[in-house]
Amino acid sequence: MKAVTVKPNLRNQQRVDVVSDIVIEKLDGCQINCKISNMSRTGVMIFCNQEAAGQLIPRLRAPTPGNWIDVKARFSVPVVATQPVSILAKGHIVHLRRMARDEFQLGIQFADFEGNGFDYIDRYVRKLLADTLKPV
């Protein structure tokens, strides 16, 4: 399958709150389980504890532009109501924020997707945004 490359323009992308499992894989094959806190078409914000953050980001120092940390992300989105679709995306950890003593947020910017991953995320985010705009 041909990978789709994402053209980053992060300021134009609306984020939607999502709580879901995500597995982050480092280049050495180490896999860390985390949770998604929000998502856009161009990336995800995850939260994890200090141990997981330390495994992903050496010395817990925020990545600087151009020195991002390459990772793969594996998660599911419910594009079809009866069956979630698995997404595999390559990306970069571009953001680190300590939220509490043992809670960190990490921002991952997508670089490319396997298969139709970008289309599935686009559809999912669009649906969630439309649902938030519906009158109550």
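Ile 22 stands opposite Cys 34 in β3, and that cross-strand partnership is a good place to step into this predicted model. Strand β3 covers residues 31–39 and is joined to β2 by 8 bridges, with the two strands running antiparallel. Between them the hairpin leaves 4 residues, and Gly 29 in this hairpin takes a positive phi near 95°.

Follow β3 onward and you meet another turn of the chain. β3 and β4 form a hairpin with 3 residues between the strands. The pairing of β3 with β4, which spans residues 43–48, is again in the antiparallel sense and extends over 4 bridges. Here Met 39 is the residue that stands opposite Val 44 in β4.

Now let's zoom out to the whole chain. It comes to 2 helices and 7 strands, arranged along the sequence as β-β-β-β-α-β-β-β-α. Of the 136 residues, 40% count as buried. The chain exposes about 8,400 Å², and carbon and sulfur atoms supply 49% of that area. If you take the contacts with a separation of 6 or more, residues 24 or more positions apart account for 55% of them.

How far can you lean on the coordinates? The mean pLDDT of the chain is 88, and 89% of its residues reach 70 or more. Residues 7–11 call for care: the pLDDT there is below 50, and beyond near neighbours in sequence this stretch has 3 contacts in the model.

With that in mind, turn to the interior. In soluble globular proteins, nonpolar side chains tend to be buried together. The largest nonpolar core here has 33 residues, and those that touch the most other members are Ile 22, Ile 24, Met 39, Ile 46, Phe 75 and Leu 106. At least two residues of this core come from each of β2, β3, β4, α1 (50–56), β5 (69–80), β6 (83–100), β7 and α2 (117–133). Ile 22 and Met 39 are thus familiar names, having appeared above opposite Cys 34 and Val 44.

Ile 46 shows what such a position looks like in detail. Leaving out residues up to four places away in sequence, Ile 46 touches Ile 22, Ile 24, Cys 34, Lys 35, Ile 36, Ser 37, Phe 104, Gln 105, Leu 106 and Ile 108.

One of those partners deserves its own visit. Gln 105 sits in strand β7, residues 103–113. Is Gln 105 buried or exposed? With a relative accessible area of 15%, below the 20% cut-off, Gln 105 is buried. Apart from neighbours within four places in sequence, Gln 105 is in contact with Ser 37, Met 45, Ile 46, Phe 47, His 95, Leu 96, Arg 97 and Met 99.

Asp 17, in strand β2 (residues 16–26), makes a helpful contrast. Asp 17 is exposed, with a relative accessible area of 71%. Beyond residues up to four places away in sequence, Asp 17 touches Ser 37 and Asn 38. Ser 37 therefore appears in the contact list of Asp 17 as well as in that of Gln 105. The C-alpha atoms of Asp 17 and Ser 40, which are 23 residues apart along the chain, are separated by 9.1 Å.

The aromatic rings add another set of links. The structure holds 3 aromatic pairs. Phe 75 and Phe 110 form a stacked one, at 6.2 Å centre to centre and with 15° between the planes. Because Phe 75 lies in β5 and Phe 110 in β7, this pair ties together parts that are 35 residues apart in sequence. Both of these phenylalanines are buried. Ring pairs also link Phe 75, Phe 110, Phe 113 and Phe 118 into a cluster.

Finally, have a look at the backbone in the loop between α1 and β5, where you will find Arg 59 and Leu 60. Most residues other than glycine have a negative phi, and most peptide bonds are trans. Arg 59, however, has a positive phi near 55°, and Leu 60 has a positive phi of about 50°. As for their surroundings, Arg 59 is exposed, with a relative accessible area of 66%, whereas Leu 60 counts as partly exposed at 24% relative accessibility.

Technical notes
Residues numbered from 1 in each chain as written. Predicted model: local features only at pLDDT ≥ 70, side-chain atom pairs only at ≥ 80, totals over all residues. Heavy atoms only, no water. Buried < 20%, exposed > 50% of the residue type's maximum accessible area, 1.4 Å probe, protein only. Contact = heavy atoms within 4.5 Å. Areas by Shrake-Rupley, 256 points an atom, 1.4 Å probe, with all protein chains shown as cover. Pairing = 2+ DSSP bridges. Core = buried A, V, L, I, M, F, W, Y, C linked by side-chain atoms within 4.5 Å. pLDDT = per-residue confidence, 0-100. Phe/Tyr/Trp six-rings, centres within 6.5 Å; stacked < 30°, edge-to-face > 60°.
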